Amino acid sequence: MIIVLKPHATQEEIDHVLEKIESFGFTPHVSRGVERTIIGVIGDERIIQEKPLEALPGVEQVLPVLKPYKLASREFNPQGSVIEVSGVRVGERKVVVIAGPCAVESRERLLQVAKEVKAAGAHLLRGGAFKPRTSPYSFQGLGAEGLRYLLEAKQETGLPIVTELMDTREADLVLEYADLIQIGARNMQNFRLLKEVGGHRKPVMLKRGMSATIKELLLAAEYIMSEGNYHVILCERGIRTFEDSTRNTLDLSAIPLIKQLSHLPVVVDPSHGTGKWDLVSPMALAAVAAGADGVMVEVHPRPEEALSDGPQALLPDLFAKMMESLRRVAEAVGRSL
Ligand code: PEP
Ligand code: MN
């Protein structure tokens, strides 16, 4: 259920509505827009419907949300959410670029890539310290050591850090370093992990599972938000289809569709979405043209030596070229970079 308050509802009226909702045994979730405040009421819809919420002072309308996800639905924040990641705002006119290696491999390499992506105009630095690898024999990441290198790279470049959290047991450690916590495709439905990050107030980038529908992605976001953390960014990173000439099939239609269904910002990852470095730039441009709020790309100075995902990594100079084209596409669709 969503309670739309009148544009000039007073704080006293809002507090009174919140008190009432709590006294009925429901949990209120407040979304403060520029024009008006909206309150999401989570609980059994049949019982909520019986309560005289429409009669409360300051209330304009009470709407049932028919979709299974409520707080993630567009109705909860019709003008769209802006998620702030240590000063970088995601969801506004400006397109946000996240770049860096797949995994943190060494201090020197990370610092080098961080400086190069920063010089080319990236806004956030990515790098996995805990890596979800298909084979247990593949490089699993540097763990805590990798997080320390990320912090050093952040101090050198000023770029906030995006890094993956794979396990609730590492939550405290990863939260200490990450500016934006990545939940990977393989963990999109790890509900325990989603609730864990929902219990904090750090922004979360939730990647779409490789065989997840958009509805399942939005329900996964709902897990985080229903715990009180509304700072969620969604990431389209390609899904499994019958097509095997690319690593995944990048679902670009997910961007405008998610925009209709949800108020959450959408970032696109054309690196995992294609698995091929020469397809990354065209798909990044297409993502921005289709309305993405950001793109995330993997960059490596020597892709042939990369410990993970070398074939999809852009060389730093190609990344810089992509940024130039991205700027022009962004401007063509009324955005900026
Ligand atoms: C990644 O971004 O490094 C990653 C592992 O991506 P995904 O979870 O989308 O496979
Ligand atoms: Mn990768």
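This passage walks through a strand barrel, a metal site and two buried side chains in a predicted model.

In this predicted model, local features need pLDDT of at least 70 and side-chain atom pairs count only at pLDDT 80 or more, while totals for chains, interfaces and linings use all residues. Residues are numbered from 1 along each chain as its sequence is written, chains are lettered from A and ligands numbered from 1 in the order in which they are written, and side-chain values use heavy atoms, with hydrogens and water left out.

A good place to begin is the barrel. Eight strands close into it in the order β7-β8-β9-β10-β11-β12-β13-β14, with parallel pairing. From one strand to the next, the twist averages 25 degrees. Helices (H or I, at least four residues) and strands (E, at least two) are DSSP runs, numbered from the N terminus, and two strands pair if DSSP finds at least two bridges between them. Two bridges join β13 and β14 in the parallel sense, and Val-267 stands opposite Gly-294 in β14. Helix α8 packs on the sheet and touches β12 (232-236) and β13; its direction makes about 170 degrees with that of β13. Here axes are lines fitted to C-alpha atoms, for helices over the stretch in contact, and angles run from 0 to 180 degrees between N-to-C directions.

Next comes the metal. The manganese ion (ligand 2) has as protein donors Cys-102 (SG), His-272 (NE2), Glu-298 (OE) and Asp-309 (OD), at 2.0 to 2.4 Å. Donors are N, O and S atoms within 2.8 Å of the metal (3.2 Å for Na, K and Ca); water is not among the atoms, so sites may look incomplete. Cys-102, in the loop between β7 (96-100) and α3 (107-119), and Asp-309, in the loop between β14 (294-298) and α11 (316-332), are 207 residues apart. Cys-102 counts as buried because its relative accessible area is 6%; buried means under 20%, exposed over 50% and partly exposed in between (1.4 Å probe, protein chains only).

Ser-262 follows α8, in the loop between α8 (254-261) and β13 (266-268). With a relative accessible area of 0%, Ser-262 is buried. A polar atom of its side chain lies 2.6 Å from the backbone oxygen of Ala-72, and one lies 3.1 Å from the backbone nitrogen of Leu-264.

Thr-157 belongs to helix α4 (residues 144-157) and is buried at 10% relative accessibility. The backbone oxygen of Ala-153 is 2.7 Å from a polar atom of the Thr-157 side chain.

How values were computed:
Polar contact = N/O pair within 3.5 Å; in protein donor to acceptor, adjacent residues only side chain to side chain. Contact = heavy atoms within 4.5 Å.
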